[in-house]
Amino acid sequence: MDIDVGPVDPSVLYEQDLHVSSSVWEGQERGLLRCQEHTSLLHQWKLTDEQIKLVDKAGFGFFRKIGPMSLNNSLISALVERWRRETNTFHLPLGEMTITLDEVALVLGLEVDGDPIVGSKVGDEIAMDMCGRLLGKLPSAANKEVNCSRVKLNWLKRTFSECPEDASLDDIKRHTRAYLLYLIGSTIFATTDGDKVSVKYLPLFEDFDKAGRYAWGAAALACLYRALGNASLKSQSNICGCLTLLQCWSYFHLDIGRPDKSEACFPLALLWKGKGSRSKTDLSEYRRELDDLDPSKITWSPFDRFENLIPPHIKAKLILGRSKTTLVCFEKIELHFPDRCLRQFGKRQPIPHKVKRRDRKNRRLDDLDTSMTVACEEWAERGEHIVDSPGGGNVVDDGAYMEWYARISITKLYREAFLESQVMNMIACMREFEEAASGITLERLSPVEREVMESVKDTFSNNLTFGGWQEVTVNSGYGKRRRRNEQTPTTNNGGGNDLSSLLLQDT
């Protein structure tokens, strides 16, 4: 049975052919994504009091407290299947949701206001010069400690994880820079390349006071958006970026795979510290749960209860969560669309404006420079583009918005359940036709017309009661049917199956 899974209106999700959901529907499962976040050895760094002060000054005082976080690969893989890079949002049954700037600040404790993190790629020679000047030591190319201007995280840990007690101020700064490079390379700027981090980030920590003025949280979100977008393509098998943020965001908003909370403290990721586990729930089960998501499983605004824990300087910048702006991190440029997820701010969700299509083909260097200039200008105006909506309330609008959303999105990914729901809809339509045909008066029809109409009515009647089934409905369980009278369907040697079963057999 050939069923078009949608979307009905492809003007928003125009990359459906590339998306992993298209493979899921073709029965081509790619399995679990390999999650590339390298936090397991962070606890082996021994920071002195002087180093902790420098880390605080650089803007990572709260973030460093999070440390290793056990990841649920199945849950992360299921979430990625709902991510659409056309809108930078998750497409869920009740509407779009996303990770916003204020949530980065709350969950990770990183600044989301400040200077954008920009720069250029560096070659091997410049990278080695940076290491010598800012770290005081050089990685060995012969020992494969450096490659293509990227140093191994293991080399940083082995060389700088413990600062000598009698270290000079310059050595303390060098060891701290190495720690910060390791920290961002294993978390917010983690890549699919494995345990390496680009030396291009190192100059950002040359001056610790200046480092504290960067919008690290905005850069982290840009990288995570890009990582989610890449991982949502059916050709990909890895995901990188700050997966701790992704997983904690899900725990706060969705009651799916959610562990018990720890004692509340800041940053809020610590509520789930030590609580994550490699779940025994498989990807297909999480896919079903997301398909079945209802209002009781969603917390649109989960952070209000923690207001007393939020430091004043973090609280003062939370309004940027509603800034429709551009996020930047070196060559990565990503769009922040809180206007598509206003229910996360306790507001009604209107139909959002159209999203301009992005040309993701290879661009020339001068085109990238122009785009970066525009992106930085838009970021500079972030405070002037705070979105809002009339009215308020934590309401799932089942009117115009949901009608529009049903046309532009794909909300069901569990193939068997979706196919059955489509068959049920088909049967419902056939019942309407049967009722309409039954109400037609035959007296004024010619004998031929009367014979045709009688044949149509008989066809509908026979198919809709095929195999003894009087009515077909679907309950909340997948693949389960019940009839009005709950009797066992009659069968014969010819295979007295109900109509829905016959149709599903063709898929």
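**Entry 1: Lys347 and its partner**

I looked up Lys347 in this predicted model and found a relative accessible area of 16%. Buried means under 20%, so Lys347 counts as buried. I then checked what the side chain of Lys347 meets, and it forms a salt bridge with the side chain of Asp388, at 3.1 Å from N to O. The pair links distant parts of the chain, 41 residues apart. I placed Lys347 in the loop between β10 and α13 (365–380), and Asp388 in the loop between α13 and α14 (400–408).

**Entry 2: other salt bridges**

I asked how many salt bridges a search of the whole structure finds. The search gives 19.

One of them joins the side chains of Arg226 and Glu334, at 2.5 Å from N to O. This pair also links distant parts of the chain: Arg226 sits in helix α9 (residues 216–231) and Glu334 in strand β10 (residues 332–336), 108 residues apart. I compared how covered the two partners are. Arg226 is partly exposed, with a relative accessible area of 22%, whereas Glu334 is buried at 2%.

Another salt bridge is made by the side chains of Asp255 and Lys297, at 4.0 Å from N to O. I found Asp255 in the loop between α10 (243–253) and α11 (283–291), and Lys297 in the loop between α11 and α12 (312–315). They are 42 residues apart, and the pair links distant parts of the chain. Asp255 is partly exposed, with a relative accessible area of 32%. Lys297 is partly exposed too, at 34%.

I also noted a network of salt bridges that links Glu29, Glu81 and Arg287.

**Entry 3: helix α3**

Is helix α3 (residues 73–80) enclosed by the rest of the structure or open to the outside? I went through the helix, and eight of its eight residues are buried, so α3 is largely enclosed by the rest of the structure. The buried residues include the polar names Asn73, Ser74 and Ser77. Leu75, Ile76, Ala78, Leu79 and Val80 are buried as well.

**Entry 4: Ile184**

I located Ile184 in helix α7 (residues 169–186). Its relative accessible area is 0%, so Ile184 is buried. I also took the distance from Ile184 to Tyr201: they are 17 residues apart in sequence and 8.9 Å apart in space, C-alpha to C-alpha.

**Entry 5: cavities**

I searched for cavities of 30 Å³ or more and the structure holds four. The largest has a volume of about 70 Å³. I listed its lining as Thr39, Leu42, Phe63, Arg64, Ile66, Gly67, Leu183, Thr187 and Thr244. These residues divide into four nonpolar, four polar and one charged.

The second largest cavity has a volume of about 60 Å³. Its lining is Leu13, His19, Ser21, Glu81, Arg82, Arg84, His91, Ile410 and Leu413. Here the division is three nonpolar, three polar and three charged. I had met Glu81 before, in the network with Glu29 and Arg287.

**Entry 6: a nonpolar patch on the surface**

Which residues make the nonpolar surface patch of about 240 Å²? I found Val448, Val452 and Val456. I looked up Val456 further: it lies in helix α16 (residues 447–464). Val456 is partly exposed, with a relative accessible area of 32%. I wrote down a general rule beside this entry: an α-helix has 3.6 residues a turn, so residues three or four places apart point the same way.

**Entry 7: backbone details**

I checked the backbone for special cases. A cis peptide bond joins Phe266 and Pro267, with omega about 0°. Pro267 is in the loop between α10 and α11.

Lys144 has a positive phi of about 60° although it is not a glycine. I placed Lys144 in the loop between α5 (124–134) and β5 (146–147). Its relative accessible area is 63%, so Lys144 is exposed.

Ser149 is not a glycine either, and has a positive phi of about 65°. I found Ser149 in the loop between β5 and β6 (150–152). Is Ser149 buried or exposed? At 7% relative accessibility, Ser149 counts as buried.

Definitions and conventions:
Residues are numbered from 1 along each chain as its sequence is written. This is a predicted model: local features need pLDDT of at least 70, side-chain atom pairs count only at pLDDT 80 or more; totals for chains, interfaces and linings use all residues. Side-chain values use heavy atoms; hydrogens and water are left out. Patches are made of residues with over 30% relative accessible area and no salt bridge: like charges are joined within 9 Å, nonpolar side chains (Val, Leu, Ile, Met, Phe, Trp, Tyr) within 5 Å. Accessible areas come from the Shrake-Rupley method with a 1.4 Å probe; for residues, only the protein chains shown count as cover. Helices (H or I, at least four residues) and strands (E, at least two) are DSSP runs, numbered from the N terminus. Buried means under 20% relative accessible area, exposed over 50%, partly exposed in between (1.4 Å probe, protein chains only). On a 1 Å grid over the protein atoms alone, a cavity is a set of points where a 1.4 Å probe fits but cannot get out, and a pocket is an open set with protein on both sides within 12 Å along at least five of seven lines; lining residues have an atom within 4 Å of a point. Grid points are joined across faces, edges and corners, and a volume is the space filled by probe spheres set on the points.
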